[in-house]
Amino acid sequence: MINANKKRLRRTMMFLNAQKPGLIKDPYIYRPDSIMLDLEDAVAENQKDAARFSLYHALKEINYRGCERVVRINGLDTPYWEEDIHCAVAGGCDAIRIPKTECALDVQRVEAVVEECEKQYGIPEGHTLIMAAIESARGVMKALEICESSERMFGIALSGGDYTKDLQTHITGTGLELMGARQNMIIAARAAGVQCFDTVYTNLDDMEGFRRDVDTIHLMGFDGKSIINPRQIGIVHEIFTPTQKDIIFAEKVVKEIDEKKALGIGVFTVDGKMIDIAFYDGAKRTIDLAKASGVYKGDL
């Protein structure tokens, strides 16, 4: 049975080198929604064992105070990924992130090892979720297949650096080179009922550019963004958390639709805007997000 955390709030996923105790001992103080404990690119080839040792003990011994713990394993084309999964699942991680995912079979190979590890280490069946990083043109084209590949799958994430290399271009800061991948991935995620996360923004000296980037992906429908520094958390959470104005309007929509539906009225106005039943789910999502973000003060 898959756990209920598939739909949890994930506005920010902060990458941390799993090998460095100073980074992974207390990242919860910055209050990201999730942390990404990285065994892949952040760790040198000759330090993989040391990183797993650090990761296992962090997972077993540190109270992350509700912050989700995702482990990015090494690629399936390396000799490290299965041992990474054993270490992460034995430690009790919340989810595994698969890098360079290009098809459903990639996810299913990981899922088989996760299932084996849960049995071996006494972890409740279905506890360990999976997410897939899409880093190539082929992965983008197979996004829907990847999203529907496993009941454990909670979301997909764009890795912009590798994707743009595969596309034979580069990160410009405008977002133009990522637009096709972003649009295709969010459509696939919504069709499959999973979450979708944007790539990192690496220029920490350009916080205004970062804000514009986050505004863009929020408007596109993303659930959150991968980040590399605690300074980025506040901006993402601000943009992805409903304002009180949004919440009040959503409450009015829900209450009005509930009342008008009972009276057989299908179309009406709220604050001068034409509203019908199609607005109901969106208003409920706004209220649910406000509750998950801890800013809801109403009674719905």
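# Exercises on side-chain contacts in a predicted model

Arg97 is found in strand E4, which covers residues 95–98. The model used in these exercises is predicted.

**Exercise 1.** Determine which side chain of opposite charge is nearest to Arg97, and decide whether Arg97 has a salt bridge.

*Solution.* Begin with the surroundings: leaving aside residues up to four places away in sequence, Arg97 touches Phe15, Met36, Val70, Val71, Arg72, Ile73, Met131, Ala133, Ala157 and Ser226. Next, look for a partner of opposite charge; the nearest such side chain is that of Glu135, at 5.3 Å. A salt bridge needs a side-chain nitrogen of Lys or Arg within 4 Å of a carboxyl oxygen of Asp or Glu. Arg97 is therefore left with no salt bridge although it is buried. Glu135, for its part, belongs to a network of salt bridges that links it with Asp38, Glu40, Asp41, Arg72 and Lys100.

**Exercise 2.** Work out how many disulfides a search of the whole structure finds, and examine where Cys93 and Cys117 stand with respect to other cysteine sulfurs.

*Solution.* The search of the whole structure returns zero disulfides. Cys93 is in no disulfide, and the cysteine sulfur nearest to its own, that of Cys87, is 8.9 Å away. For Cys117 the closest cysteine sulfur is the one in Cys93, and the distance of 9.6 Å is too far for a bond. The criterion asks for two cysteine sulfur atoms within 2.5 Å. As to accessibility, Cys93 is buried, with a relative accessible area of 0%, and Cys117 is likewise buried, with a relative accessible area of 0%.

**Exercise 3.** Classify the pair formed by the rings of Phe154 and Phe197, and state which elements of the chain the pair ties together.

*Solution.* A search of the whole structure finds three aromatic pairs. In one of them, the rings of Phe154 and Phe197, the centres are 6.1 Å apart and the planes stand at 75°, so the arrangement is edge-to-face. To place the pair, note that Phe154 lies in strand E6 (residues 153–158) and Phe197 in strand E7 (residues 195–198), so that parts of the chain 43 residues apart in sequence are tied together. Both rings belong to buried residues, since Phe154 has a relative accessible area of 1% and Phe197 also counts as buried at 1%. The face of Phe154 has a further neighbour, Arg10, which lies over the ring at 3.7 Å from its centre. A comparable placement involves Lys273, which lies over the face of Phe249 at 4.9 Å from the ring centre.

**Exercise 4.** Locate the partners in the salt bridges of Asp33, Arg72 and Lys252, and decide whether each partner is buried or exposed.

*Solution.* Side chains of opposite charge can pair when their charged atoms come close. In this model the count comes to 21 salt bridges.

- Asp33 pairs with Arg11, the closest N and O atoms being 2.9 Å apart. Asp33 lies in the loop between helix H1 (21–24) and strand E2 (34–38), while Arg11 lies in the segment before strand E1 (12–17), so the pair ties together parts 22 residues apart in sequence. Asp33 is buried, at a relative accessible area of 8%, and Arg11 is buried, at 8%.
- Arg72 pairs with Asp38 at 2.7 Å between the closest N and O atoms. Arg72 is in strand E3 (residues 68–72) and Asp38 in strand E2, so distant parts of the chain, 34 residues apart, are linked. Both Arg72 and Asp38 are buried.
- Lys252 and Asp271 meet in a salt bridge of 3.1 Å, N to O. Lys252 lies in helix H11 (residues 244–262) and Asp271 in the loop between strand E9 (268–270) and strand E10 (273–275), so parts 19 residues apart in sequence are tied together. Lys252 is partly exposed, with a relative accessible area of 34%, whereas Asp271 counts as exposed at 52%.

**Exercise 5.** Inspect the phi values of Arg31 and Asp271, and give the place of each residue in the chain.

*Solution.* Most residues other than glycine have a negative phi. Arg31, however, has a positive phi, near 65°. Arg31 is placed in the loop between H1 and E2, and with a relative accessible area of 66% Arg31 is exposed. Asp271 also has a positive phi, near 50°, and lies in the loop between E9 and E10, where Asp271 counts as exposed at 52% relative accessibility.

Methods. Residues numbered from 1 in each chain as written. Predicted model: local features only at pLDDT ≥ 70, side-chain atom pairs only at ≥ 80, totals over all residues. Heavy atoms only, no water. Buried < 20%, exposed > 50% of the residue type's maximum accessible area, 1.4 Å probe, protein only. Helix = DSSP H or I, 4+ residues; strand = E, 2+ residues; numbered from the N terminus. Lys, Arg positive; Asp, Glu negative; His and termini not counted. Contact = heavy atoms within 4.5 Å. Phe/Tyr/Trp six-rings, centres within 6.5 Å; stacked < 30°, edge-to-face > 60°. Lys NZ or Arg CZ within 6 Å of the ring centre and 35° of its normal.
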